[in-house]
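Subject: Structure for you to look at

Hello,

I am passing on the structure we spoke about. Please open it alongside this message and check the notes against it.

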Amino acid sequence: MRWLALWGTLLAVCFAAISASALYGTRQDAGQAARDASANLALMVATNIERDVERIDISLQAVIDNLRRPDIQGLSDELRHLVLFDRIDHTRGLGAVLVVDAKGDVIYNSSTPRGPKLNLAQRDYFQALRNAQSHALYIAPPIHSELTRLWVIPVARRITLDDGSFGGLVVGSMRVAHMERMFDQLELGSAGSLKLMRSDGTIMARFPEASSELGVRLQNVALFNQYPTRSTGHFDGPGRLTGVARLYAYHSVGTLPLVVVVGLAQSDTYAAWHVKALIIGLIMAASLIATVVLVWLLRSELQGRVAAGRAASRN
């Protein structure tokens, strides 16, 4: 009889263990589904940003090509303005395009034929391109524009003269608000986050919006344990500002020195699982208790019958 009770109890415990293991498996599946979702979002955003930067670059190169026209200086201000900026695409968040000479003075402005005098010699992108050995597109940290009073990301190309010397640059700007509107349309849950970062850790744009974070350079974050060695990947960790535990996925923006990081809150990821786990856990606990109680009641009943049988045999 003792063995019956022990085997019954052991069977109930094994059933509970199998159920708990299956429940843990569904939690792992929920986490993997969230990682896949965040990876897909990061890829989609990275693709859109790469396309936007490519269009801006085409506009910048068109201005450089027009500057090389032999007749450009002989045109009136209004006509020169039309010729220089006739191929600019403003449909993807591109702000004003400026032509800057070798001293840093703005000489042409796509917004107006006669713009305000402005010197950009102290700007990060001017100094970087003046000293650059390559002709690669340069994406600068975000700034608060003196012209528009908006946060923008400068995107610039060097103008190289025929003798190889620095002739100035052409710079456009991606409106941070344009990207934030795009981020706002994504399904990130109640506590999700999204960051566009430069490869040196500088925050270029983010959601939820926080202008105080723009241009901040992050160091010693989990992302850089993998990026840029790996162009895509995922990691878990708390949010820097809120401490919210998130499942992160990242994706580089083509060959540009940019990376998109998407984080989905674990509280959102496992919310449905927690409800399911509570219900199944209660059912499992009730079943386990009921099984153990029934086994021991059966044992007691059998013991009683055996005792009664022995007593009857003695009589």
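Below are notes on an aromatic cluster, a hairpin, a glycine in a loop and a surface patch.

Please keep in mind that this is a predicted model.

Aromatic cluster

There are 4 aromatic pairs in the structure. One of them joins Phe224 and Tyr227 in a tilted arrangement, with 6.3 Å from centre to centre and 50° between the planes. Tyr227 also pairs with Tyr250, this time edge-to-face, at 6.1 Å centre to centre and with 75° between the planes. That second pair links distant parts of the chain: Tyr227 lies in the loop between β8 and β9 (232-238), Tyr250 lies in strand β10 (residues 245-252), and 23 residues separate them. Together, Phe224, Tyr227 and Tyr250 make up one aromatic cluster.

How buried or exposed are the members of this cluster? Phe224 has a relative accessible area of 27%, so it counts as partly exposed. Tyr227 is buried, at 6%, and Tyr250 is buried as well, at 2%; the cut-off for buried is under 20% relative accessible area.

The β7-β8 hairpin

Strand β7 (residues 193-198) and β8 run antiparallel and are joined by 4 bridges. Across the pairing, Leu194 of the hairpin faces Phe207 in β8. The hairpin has 4 residues between its strands, and Gly201 there adopts a positive phi near 95°. As for its surroundings, strand β8 (residues 203-207) is largely enclosed by the rest of the structure, because 4 of its 5 residues are buried.

Gly104

Gly104 sits in the loop between β1 (98-100) and β2 (106-109). Its relative accessibility is 0%, so Gly104 counts as buried. What is Gly104 in contact with, leaving aside its neighbours within four places in sequence? The residues are Leu118, Asn119, Leu120, Ala121 and Phe126. The C-alpha atom of Gly104 is also 9.9 Å from that of Gly167, a residue 63 positions away along the chain.

Surface patch

On the surface, Val275, Ile279 and Ile283 form a nonpolar patch. Their accessible area together is about 280 Å². Val275 belongs to helix α6, which covers residues 271-314.

When you go through the model, the cluster of Phe224, Tyr227 and Tyr250 is one place to begin; the patch that includes Ile279 is another.

Regards

How values were computed:
Residues are numbered from 1 along each chain as its sequence is written. This is a predicted model: local features need pLDDT of at least 70, side-chain atom pairs count only at pLDDT 80 or more; totals for chains, interfaces and linings use all residues. Side-chain values use heavy atoms; hydrogens and water are left out. Patches are made of residues with over 30% relative accessible area and no salt bridge: like charges are joined within 9 Å, nonpolar side chains (Val, Leu, Ile, Met, Phe, Trp, Tyr) within 5 Å. Accessible areas come from the Shrake-Rupley method with a 1.4 Å probe; for residues, only the protein chains shown count as cover. A salt bridge is a side-chain nitrogen of Lys or Arg within 4 Å of a carboxyl oxygen of Asp or Glu. Helices (H or I, at least four residues) and strands (E, at least two) are DSSP runs, numbered from the N terminus. Buried means under 20% relative accessible area, exposed over 50%, partly exposed in between (1.4 Å probe, protein chains only). Two strands pair if DSSP finds at least two bridges between them. Contact means heavy atoms within 4.5 Å. Rings of Phe, Tyr and Trp (its six-membered ring) pair if their centres lie within 6.5 Å; planes under 30 degrees apart count as stacked, over 60 as edge-to-face and the rest as tilted.
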